[in-house]
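Here is a small set of exercises to work through with the model open beside you. Try each task yourself before reading its solution.

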Amino acid sequence: MGECETCSYYLMDDDGEEYCDLQLDEDEYARFLADKSKKCPYYQDNDDYKIVRHQM
């Protein structure tokens, strides 16, 4: 499983299409496309229980 599948911005619509629902303005999108790193700077973990496990 890739990083996108666990991101909060990763969505699937009723037709089974998968996409990233990140809302970027034109400048942010240009910086995102120009970035050569492998990691997405906008990634947010979709694991709701991460904080709870950390507290244990």
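**Exercise 1. Find where E3 sits and which residues it touches.**

Solution. Bear in mind throughout that this is a predicted model. Start with the chain: E3 belongs to the segment that precedes β1 (10-12). Next, look at its cover; E3 has a relative accessibility of 27% and so counts as partly exposed. Then leave out the neighbours within four places in sequence, and the contacts of E3 are K39, C40 and Y43. Finally, take one of these partners, C40: E3 and C40 are 37 residues apart along the chain, yet their C-alpha atoms are separated by 8.4 Å.

**Exercise 2. Work out how many disulfides the model holds, using C20 and C40 as test cases.**

Solution. First set the criterion: two cysteine sulfur atoms must lie within 2.5 Å. Now take C20, whose closest cysteine sulfur is that of C7 at 5.9 Å, too far for a bond. C40 also has its closest cysteine sulfur in C7, here at 6.2 Å, and this is again too far for a bond. By the 2.5 Å rule, the count is zero disulfides. As a last step, compare the cover of the two test cysteines: C20 is exposed, at 53% relative accessible area, while C40 is partly exposed, at 27%.

**Exercise 3. Lay out the secondary structure and describe how covered the chain is.**

Solution. Begin by counting elements: the protein has two helices and two strands. Read from the N terminus, their order is β-β-α-α. Turn to burial, where the cut-off is under 20% relative accessible area; 4% of the 56 residues are buried. Helix α1 (residues 26-34) offers a close-up, since zero of its nine residues are buried. For the whole surface, the accessible area comes to about 5,300 Å², with 50% of it belonging to carbon and sulfur atoms. To finish, consider contacts between residues at least 6 apart in sequence: 41% of them join residues at least 24 apart.

**Exercise 4. Trace the polar contacts made by the side chains of D13 and D25.**

Solution. Go first to the loop between β1 and β2, where D13 is found. D13 is partly exposed, with 30% relative accessible area. Its side chain reaches two backbone nitrogens: that of D15 at 3.1 Å and that of E17 at 2.8 Å. Then move to the N-terminal end of α1, which D25 caps. The capping contact runs from a side-chain oxygen of D25 to the backbone nitrogen of D27, over 3.1 Å.

**Exercise 5. Describe the surroundings of Y19.**

Solution. Place the residue first: Y19 lies in strand β2. With a relative accessible area of 36%, Y19 is partly exposed. Setting aside residues up to four places away in sequence, Y19 touches Y9, Y10, L11 and D13. For a distance across the chain, take C4: it is 15 residues from Y19 in sequence and 9.1 Å from it, C-alpha to C-alpha.

**Exercise 6. Locate the largest pocket and name what lines it.**

Solution. Start from the volume of the largest pocket, about 210 Å³. Its lining consists of 13 residues, and those nearest the centre are C4, C20, L22, F32 and C40. Now ask which elements give two or more residues to this lining: they are β2 (18-20) and α1.

Key:
Residues numbered from 1 in each chain as written. Predicted model: local features only at pLDDT ≥ 70, side-chain atom pairs only at ≥ 80, totals over all residues. Heavy atoms only, no water. Buried < 20%, exposed > 50% of the residue type's maximum accessible area, 1.4 Å probe, protein only. Helix = DSSP H or I, 4+ residues; strand = E, 2+ residues; numbered from the N terminus. Contact = heavy atoms within 4.5 Å. Areas by Shrake-Rupley, 256 points an atom, 1.4 Å probe, with all protein chains shown as cover. Polar contact = N/O pair within 3.5 Å; in protein donor to acceptor, adjacent residues only side chain to side chain. 1 Å grid on protein atoms, 1.4 Å probe; cavity = no way out; pocket = protein on both sides within 12 Å on 5 of 7 lines; lining within 4 Å. Points joined across faces, edges and corners; volume = space filled by probe spheres on them.
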